[in-house]
Amino acid sequence: MSKDKTLCNVKLPAMERLPRDTQSLANDFERYLTRHLGRFVGCAPFYLYEALSFTIRDRIMMNWRKTWKKHEQKGVRKAYYMSLEFLIGRSLGNHILNIGLDVNTKAAMNQFALQLEEVITEEQDAGLGNGGLGRLAACFMDSCATLKLPVIGYGMRYEYGMFRQEIENGYQVEEPDHWLRDGNPWELERPEYTQLIKFGGHVEKHTEHDGCTRSVWIDTSDVLAIPYDVPVSGYKNKTVNTLRLWSASATNVFNLDDFNAGSYSEAVEAKNDAEHITMVLYPNDSSENGKELRLKQQYFLASASLQDVFRMWSMNEDNDFSQFAEQNVFQMNDTHPTIAVAEIMRLLIDEKHMSWDAAWKITTQTMAYTNHTLLPEALEKWPVALFEKLLPRLLQIIYEINARFLKLVSRKWPGDTEKQIKMSIIEEGDVKYVRMAYLAIVGSFSVNGVAALHSKLLVEGLFKDFYELWPDKFNNKTNGVTPRRWMAYANPAMSALITEKIGDEWVQDLEEISQLKKYVDDSAFSERWFAVKKENKQRLANLVKEKCAVDFDVNALFDVQVKRIHEYKRQLLNLLHVIHLYDCIKRGDIENWTNRCVLLGGKAAPGYQLAKQTIKLANNIADVINNDPQVGNKLKLAFIPNYSVSKMEVICPGTDLSEQVSTAGKEASGTGNMKFMMNGAITIGTYDGANIEILDAVGEENFFLFGLKANEVDKARENYNPQQIVNNDDDLKRVMHLLSCGHFNSFEYGIFDDIIGSLLNPHDPWLTLVDFRSYVDAQALVSRAYLDRESWVKMSIANTACSGYFSTDRTMQEYNDDIWKLKSSL
């Protein structure tokens, strides 16, 4: 019997439930601060945060263990959510809210003349993700715990986040984001569950004593995967799920012979090479070394996670995998973990000695794939040569999967070699590639998109052939966000007002928020709503002043676009409108003017030069506008550096207008649009992603729609002539003149030529200029609407009241009903 299984059968003593009253919290906080950390009130604020985190973590621990033991029981079907990103933000405040200790914890801190909010802000944002993909994964985990679903998250414990963004002379500068420098009180190292991960080597055929031929992967360079567990608390339900993060370590961290010979660098070379795998989120893959490291990361996550699940299974079932598919399901979040399809086959065939057919049956009954993109270039593919170097056994398995798959294709479409070439997992050419998304589709029983339009476009375009082959595999699961983090925690004043009117059931059942509709025409409620919004705008104005040194007037319209900087998200379109407003002011065209404060934020990938130039352009425009006395408070522009979850928690409640202006047919879903809507912002957006479902929910009268639709975009490309669009639009002509004449770069000649060239490029895939006139006209409607305060507040309340569908609780319930089939303990 294995050691794990022996421990599993040991009856553990009951864990005492710790008191939750104010005085007990204060006593434990003081004990941790003085006796564990050796500090006192008045010390560096980080230690106050750490002491309070330990105090709160203690009160999670009992339910964490109970939840884990319940999920370990034989016969419990579980889901495993594999994602290269989990953008969880700060943990302390979220746990305090979810376990219902916010009032008592505030009172406990007051005993030491401390403000809870100030202690919470000492926590670093966890550097485990970049943008929407990682934040979505974090919201999913929150909702799974709140719904009491037995789900374990698997991710990477990056030592450094993507990067810390600083702005110097208007340019993005990337600095290391060493978020783990001071440790993380929310993680528990679990070295007893360490897994061995193989790279390199070669494959040999061995004949076993039973006459069967087996493939053996030998002479490998091995790396250890050490798990660290992070608690994910459900909302006031005594459920605490687990996010397990893998950290890489060398099998032999120190070579004493090399050290004694004076080769100090060589002595720790293996340690350094191994730790690179989990050193940085998304290393720049423009170099061959970068590509190799990215592939190593993806395999490291998949292999460690699958081996861990097999370990847990064997605790109850030994090596009997006959019921494995009935009890386990894996959800692959985008293409990053899709190497798991080949890895589970390797483990079942090579380690568990199953036949190919038996292993493939388990694989295709347990693997599910979520696609998050409509951009073909974002569907990862890896050179076959790189695969052969790093993962030779996996490549053999992929070739076999592909050969069997193409036989199926040929039976469906006899003689259609073009179809086989299009659908092959291996892309032929001078350089051969492994198409990871295709591997995921072939090996999964479920493939889902993340918004209605996105899912429709997937089966009509990107994955059309696969849909024709397997129509039942494909489904839609529109994204959501957790109302605990993005309303109850991020916007306490608005949440208190809502709860006063309709009770607090909405926090765990956001459909209840629809009761607010009956207060849309209530003038007294509207006044209080307006007051709360103004208070939140002041918080945001304070943040902008602190980070950007720009004064935002809370009476102005707060117009916000914060998200990853990318051409398809069209921050450039927003900036063109800002220049247009500036031009109107300078020409004196200010009748019935609406003062406006525009806020942009987001990171550009280090190698994405046009995105980085867009940041520079935004800062140069801001410098001109904000320092022009003629403009004054009529228009302000700021770019907030190092956009993060904790910043969004301030930005979201203080926003009036949510900018969701992607080229139609390019945004898979978006989740920022949902966060803003929940907090009473009105959307100006294209008919794209989840904007469509937001529009359907809130109605055209509470949404500013503009631009071409996806099918119209395709037609417009055929005869796209941006220069003609400029020539036919006097406003746009003046905007482009201000850009091209150097008005915003007087002493930096030609630095925006690439941006201008992209805008005037007839092959611009984002068709930025084609929507300019529609966008400007919609923005004029926004300005007029904001002048009618009563009407604007009604629109704001209506947006919040109609946001119930966009909770991740609904999303995860749909995943469970249609894909996972787990039993909730609710």
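Which side chain does a polar contact of 2.6 Å join to that of N333? I opened the predicted model with this point in mind.

**Entry 1: N333**

I found that the partner at 2.6 Å is H372, the polar contact running between the two side chains. I then looked for a further side-chain partner of N333 and noted Y81, with a polar contact of 3.1 Å. I placed N333 in the secondary structure: this residue belongs to strand β11, which covers residues 328-333. I checked exposure next. The relative accessible area of N333 is 0%, and N333 is therefore buried, the cut-off being under 20%. Leaving out residues up to four places away in sequence, I listed what N333 touches: Y81, M82, S83, L133, A137, T370 and H372. Both polar partners, Y81 and H372, appear in that list.

**Entry 2: nonpolar cores**

I turned to the largest nonpolar core and recorded 120 residues. I asked which of its members touch the most other members, and obtained F300, F387 and W820. Helix α11, spanning residues 288-317, gives the most to this core, namely twelve residues. I noted that another core lies apart from it and holds 89 residues, including M494, V544, F552 and A638.

I then examined the surroundings of F300. With neighbours within four places in sequence set aside, F300 is in contact with M156, I197, F199, V223, L224 and A225. I add to these W246, S247, A248, I277 and T278, which are also in contact with F300.

**Entry 3: the hairpin of β3 and β4**

I looked up how strand β3 (residues 164-168) and strand β4 (residues 171-175) are joined, and found five bridges in an antiparallel arrangement. I traced one bridge from I167 and arrived at Q172 as its partner in β4. Two residues lie between the strands of this hairpin. I checked the backbone there and noted that N169 takes a positive phi near 55°.

**Entry 4: a three-stranded sheet**

I followed an open sheet of three strands and wrote down the order β13-β15-β14, with antiparallel pairing. Which strands form the edges? I identified β13 (381-383) and β14 (426-427), each of which pairs on one side only. I next inspected the pairing of β14 with strand β15 (residues 433-435), which is antiparallel and rests on two bridges. I took E427 as an example and found that its bridge partner in β15 is Y433.

How values were computed:
Residues numbered from 1 in each chain as written. Predicted model: local features only at pLDDT ≥ 70, side-chain atom pairs only at ≥ 80, totals over all residues. Heavy atoms only, no water. Core = buried A, V, L, I, M, F, W, Y, C linked by side-chain atoms within 4.5 Å. Buried < 20%, exposed > 50% of the residue type's maximum accessible area, 1.4 Å probe, protein only. Helix = DSSP H or I, 4+ residues; strand = E, 2+ residues; numbered from the N terminus. Contact = heavy atoms within 4.5 Å. Pairing = 2+ DSSP bridges. Polar contact = N/O pair within 3.5 Å; in protein donor to acceptor, adjacent residues only side chain to side chain.
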